[in-house]
Amino acid sequence: MKNKNELGIYIHIPFCVHKCIYCDFLSSPADVHTRKQYVRALINEIYLTREGKCANKLIKNVSQGDGAGDIASENGHIVTSIFIGGGTPSAIDAEDISDILDAVRKNYNVSDKAEITIECNPGTMDKKKAVIYRKAGINRISFGLQSTDNNELRMLGRIHTYEQFMESYKIAREAGFDNINIDLMSALPGQTMENFKAVLEKALSLGAEHISVYSLIVEEGTRLSDNIDSFPPIPSDDEDRQMYYMTKEMLSSYGYEQYEISNYAQKGYECKHNLKYWERCDYLGFGIGAASLYGGRRYTNISDIGRYMDVLAEITNALDKNYVNELLQIRTDMEELSKEDEMSEYMFLGLRKTKGIDITDFKEEFGTDIKDIFGEAIEDNIARGLLIHDGNGLYLSKRGIDISNTVMSDFIL
């Protein structure tokens, strides 16, 4: 069962050196001035969320805004994970990353044992940055490798070669990072089973503590989607699934446990922050497009970077002023979740984990038997061989994982 006193924090750095052909994330290149201005605005948002409500407790519900940071501190919440994502966080000055984390610590109770992750792209890492990251308390690095094949990297529009990745990986190890994730992609244009097996073998030889493997999705509006006919054919759905099965088998043989549909870890190295998402723990997001879940409420920050920076530019850390209106201007899609919403999220997020959901935990969380709410959907999917009921657990079968989105849609109330 989730620890209700734990809090996660996500920090979005929307800058990158070059936009990859498949990327639909909220990211783009930017000049130094814009990056510095954004960091100042982001730090102001951190202070505003925590300190701006100390003088008076006006923000207590979603209709007025959200004083989650203030309430979180009052309720004894402890930050046990911080994830700095993007974009490419390592594309900005390491000192700026340090300043952001300093602001978090000044405004939140951060555990000495907190997992603090930064996403890095090879080609943007150097020894100086690695040292500053370690000094700032970062203890986990997630490298966006994507492939060990230089031809595939070039096709994807990545800024690095495999050799440059190896240099970044070596720097991280020498700086003392003993918790490293590597992101890989499968089902790339023109990729064969043999190609992908070679990619996995080379990646596995490194001994990273965590490996994430995602199938390529062609998103609308990306350069890949707009120019799809100019690329080699994308592997079929059957080939994609075969790559998935091969990934599970090979990583298992190297001692990695699959704990989520696309994530594998050596024992004890599961990503604590991502588990918060799948287990519906409270988390706060800072920066453009960052999402938050706190106290049964969800909201998302605006994605317009210019407006985000303008709104926050003049906000200070003063405690004697109410910043309700300013805060509302950078937040959108604020929603108070109903009990039905929360139960649905519990199911379709929890089923992403290979261990699935705990039936007893569901009853403790919501005060009702899971079969009274989802009995028909559960029985139907068990009968179809898509769900497995094992003791107190309920999880996706092999076939269920293959069509996981379809199964999970059955649990939307």
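1. **Charges over rings.** In this predicted model, the charged end of K202 sits over the ring of Y162. The distance to the ring centre is 4.8 Å. K398 is placed over the face of Y245. Here the ring centre is 4.3 Å away.

2. **Aromatic pairs.** The aromatic pairs number 15. One of them joins Y10 and F83, and this pair is stacked. A pair of aromatic rings is described by the distance of the centres and the angle of the planes. For Y10 and F83 the centres are 6.3 Å apart. Their planes differ by 25°; this pair counts as stacked because the angle is under 30 degrees.

3. **Where that pair sits.** Y10 belongs to strand β1, residues 6-13. F83 belongs to strand β2, residues 78-86. The two lie 73 residues apart, so the pair links distant parts of the chain. Are these residues buried or exposed? Y10 has a relative accessibility of 16% and therefore counts as buried. F83 is buried too, at 9% relative accessible area.

4. **An aromatic cluster.** Which residues form one aromatic cluster? They are Y346, F362, F366, F374 and F411.

5. **E260, a buried acid end to follow.** E260 is placed in strand β7, which spans residues 257-260. Its relative accessible area is 1%, so E260 is buried. What does its side chain meet? A polar atom of the E260 side chain lies 2.8 Å from the backbone nitrogen of S262. The side chains of E260 and R352 are joined by a polar contact of 2.6 Å. Leaving aside neighbours within four places in sequence, E260 is in contact with W278, R352, K353 and T354. R352 thus appears both as a contact and as a side-chain polar partner.

6. **A three-stranded sheet.** In what order do the strands of this open sheet run? The order is β13-β15-β14, with antiparallel pairing. The edge strands are β13 (357-358) and β14 (387-390). Each of these pairs on one side only. β14 and β15 (residues 393-396) run antiparallel and are joined by 4 bridges. Within this sheet, I388 has Y395 of β15 as its bridge partner.

7. **A helix across the sheet.** Helix α15 covers residues 370-383. The helix lies across β13, β14 and β15. Relative to β14, helix α15 runs at about 120°.

8. **G207 in a loop.** Where does G207 lie? Its place is the loop between α7 (193-204) and β6 (210-215). With a relative accessible area of 30%, G207 is partly exposed. I180 is 27 residues away from G207 in sequence. In space, their C-alpha atoms are 9.1 Å apart. Setting aside neighbours within four places in sequence, G207 is in contact with Y169, R173, Y256 and Q266.

9. **The chain overall.** How many helices and strands does the chain have? There are 17 helices and 15 strands. The chain has 413 residues, and 54% of them are buried. Consider contacts between residues at least 6 apart in sequence. Of these, 71% join residues at least 24 apart.

Key
Residues are numbered from 1 along each chain as its sequence is written. This is a predicted model: local features need pLDDT of at least 70, side-chain atom pairs count only at pLDDT 80 or more; totals for chains, interfaces and linings use all residues. Side-chain values use heavy atoms; hydrogens and water are left out. Two strands pair if DSSP finds at least two bridges between them. Contact means heavy atoms within 4.5 Å. Axes are lines fitted to C-alpha atoms, for helices over the stretch in contact, and angles run from 0 to 180 degrees between N-to-C directions. Buried means under 20% relative accessible area, exposed over 50%, partly exposed in between (1.4 Å probe, protein chains only). A polar contact is a pair of N or O atoms within 3.5 Å; within protein, one must be able to donate a hydrogen and the other to accept it, and residues adjacent in sequence count only if both atoms are side-chain atoms. Rings of Phe, Tyr and Trp (its six-membered ring) pair if their centres lie within 6.5 Å; planes under 30 degrees apart count as stacked, over 60 as edge-to-face and the rest as tilted. A charge sits over a ring if NZ of Lys or CZ of Arg is within 6 Å of the ring centre and within 35 degrees of the ring normal.
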